[in-house]
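Dear colleague,

I am passing on the structure below, and I would be grateful if you could look through it alongside the notes that follow.

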Amino acid sequence: MTGAARPVTRSGRPVAGAARREWLVLGAVLVLLVALVLVGLGVGEIPLSPLQVAGALVGHGDTVSDFVIGQLRGPRVAGAILVGASLGVAGGIVQSVVRNPIASPDVIGITSGASASGLTAIVLFGASGGTLFSVVLVGALLVSLVIAGLAWRRGITGNRVVLVGIGVAAVCLSITGWMLTSGTVTQAGTALLWLSGSLNAVDRNLVGVLAVAFVVLMALALLQSPRLTVLTLGDEVASSLGLRPNRAKVLLLLTAVCLTAAAVATAGPVSFVALMAAPIARRLVGRGRVALAPTAAVGAAITLASDLIAQFAIPGNALPVGVVTGVIGAPYLLWLLARGR
């Protein structure tokens, strides 16, 4: 007599084994992330040993380590982790909902809309801090509504969203160029630094707001993760299982838009993290798994590692982190386009 068949994933792996592998991958990436945190907090003009870093983190550091980590390096490292995790989860949601590997917030216009609204607020009103955060969030939501309205044909379909998003992104880039030429030299310099995606002067208060936003939005994303898994099977299968595909897609995409806007408001548009994080996590975990938690960890690791490269690749010249992620992500996007049909 044969036993009952065990449930399997789309790749044919037993569900229990796939979940175990997901936890192992998450643990491994978190170990890597902890190592990057120790490097990020310890390396600089005032070097700190791992023991000094650990002591400061648990509240038993000396005066120097407390100041360096609490005021200088800590907000930057925390910002890199939160920005990367937010963009990674947002990209994973969008790619799964649209079922297209290039459909990240960078490509379909959400990031461009958030950037255009933030730049307009900087140039015209000198916005910063919480005001800038709010404007970027509203701008990203408005642009996403425009994209959804133009792409809607009895629902949200992958190729149509990508093509409409590219067009909307082009319009937003035109607005960005107009704002850059309309402002003063000082405003243009500030705007260009923000547009390149920089953690060089990250606002501690905005990092705190991003932390709260990420916790709330990540919890919402994890609660919706079962629906996201069903949506990857296709709208017809999702409907047959009792799910309302369009309603589920709207809620998931709204979560992704808010995550993207929060990240952009904190550090500017850090390019290609949203595009790369989810595919890397999927490849590590195994095909057929949405894996939002590993995706968040991979996005955080990519951004923090890129920021360390940006700080120390050229001695005496700290680059914006978006420059490094762009150098890494642009060839990856070209590879995706070349291998597709």
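For the charge count given here, Lys and Arg are taken as positive and Asp and Glu as negative, while His and the chain ends are left out. On that basis the protein chain of this predicted model carries 22 positive and 9 negative side chains, and the centres of the two sets are 19 Å apart.

As to the fold, the protein chain contains 14 helices and zero strands, and its radius of gyration of 21 Å is close to the 20 Å that the globule rule gives for 341 residues, so the chain is as compact as a globular protein of that length. The C-alpha trace spans about 70 × 50 × 35 Å along its principal axes. Of the contacts between residues at least 6 apart in sequence, 74% join residues at least 24 apart.

Turning to burial and surface, buried residues account for 50% of the 341 residues, and the protein chain exposes about 16,200 Å², of which carbon and sulfur atoms supply 68%.

Side chains of opposite charge can pair when their charged atoms come close, which leads to a question: how many salt bridges does the structure hold? There is one, formed by Arg76 with Asp307, whose closest N and O atoms are 2.8 Å apart. This pair links distant parts of the chain, since Arg76 belongs to helix α3 (residues 63–98) and Asp307 to helix α13 (residues 292–312), with the two positions 231 residues apart in numbering. Both Arg76 and Asp307 are buried.

With best regards

Conventions. Residues are numbered from 1 along each chain as its sequence is written. This is a predicted model: local features need pLDDT of at least 70, side-chain atom pairs count only at pLDDT 80 or more; totals for chains, interfaces and linings use all residues. Side-chain values use heavy atoms; hydrogens and water are left out. Helices (H or I, at least four residues) and strands (E, at least two) are DSSP runs, numbered from the N terminus. The radius of gyration is taken over C-alpha atoms; the globule rule is 2.2 Å times the number of residues to the power 0.38. Buried means under 20% relative accessible area, exposed over 50%, partly exposed in between (1.4 Å probe, protein chains only). Contact means heavy atoms within 4.5 Å. Accessible areas come from the Shrake-Rupley method with a 1.4 Å probe; for residues, only the protein chains shown count as cover. The place of a charge is taken as NZ of Lys, CZ of Arg, CG of Asp or CD of Glu. A salt bridge is a side-chain nitrogen of Lys or Arg within 4 Å of a carboxyl oxygen of Asp or Glu.
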